[in-house]
Amino acid sequence: MIPCCVELSSLTTNGHGSAATSDELWMEEALRSAQRALEAGEVPVGAVVVCEGRIVGRGQNRNIGDSDPTAHAEIIALRQAGAAVGNHRLADCDLFATIEPCAMCAGALVHARIRRLVYGADDPKAGAVQSVMQVLNHPQLNHKVEVRSGVLAGRCAELLQTFFKSRR
């Protein structure tokens, strides 16, 4: 297994002592990645790719540190997942992101053939799933992604809001 791997069986609570759904448990992992981005001075966005009950890709925003406009958490997680599974197609994988993906990341999810997207907070300024535009599941695309939004949305949004308030 690669270092990013965490199995669902090793996650049993949502960090607050109560049982949580698997979506919440994986979102907790994405929030940990977002926290690492925050500690590095990046916009706190995190993502994990899960295949067969284990994390095969993990990403956090690295745009500033890498001087790379494509270094979004989702892109980094997808790259790592592709390397881990040995395929550019991730049809049996789900991606968990702390915020609604932008157009670039949503397009990458389609190209990777991600089975399912689960995200926390909506992004009313750049969200490309439902908020601003609909890149995912556009009627002319040949791949459809199942979407669940709002998982731990309050915590995901709070992390971003706190970051941006500290910058003003």
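Two strands are taken to pair if DSSP finds at least two bridges between them, and strands (E, at least two residues) and helices (H or I, at least four residues) are DSSP runs numbered from the N terminus. The model is predicted, so that local features need pLDDT of at least 70 and side-chain atom pairs count only at pLDDT 80 or more, while totals for chains, interfaces and linings use all residues. Residues are numbered from 1 along each chain as its sequence is written, and side-chain values use heavy atoms, with hydrogens and water left out.

Five strands form an open sheet of mixed pairing, in the order 2-1-3-4-5. Strand 2 (54–60) and strand 5 (146–148) lie at the edges with a single partner strand each, so one side of each has no neighbour in the sheet. Strand 4 and strand 5 run parallel and are joined by three bridges, and R116 stands opposite E146 in strand 5.

The largest nonpolar core (buried Ala, Val, Leu, Ile, Met, Phe, Trp, Tyr and Cys residues joined through side-chain atoms within 4.5 Å, where buried means under 20% relative accessible area, exposed over 50% and partly exposed in between, with a 1.4 Å probe and protein chains only) has 30 residues, and V49, L78 and L95 are among those with the most contacts inside it. Helix 4 (103–112) is one of the elements that each supply at least two residues of this core, and its share, six residues, is the largest. Contact means heavy atoms within 4.5 Å; leaving aside residues up to four places away in sequence, L78 touches several residues, including V49, L95 and I114. A second, separate core of 15 residues includes M27, A34, V48 and V118.
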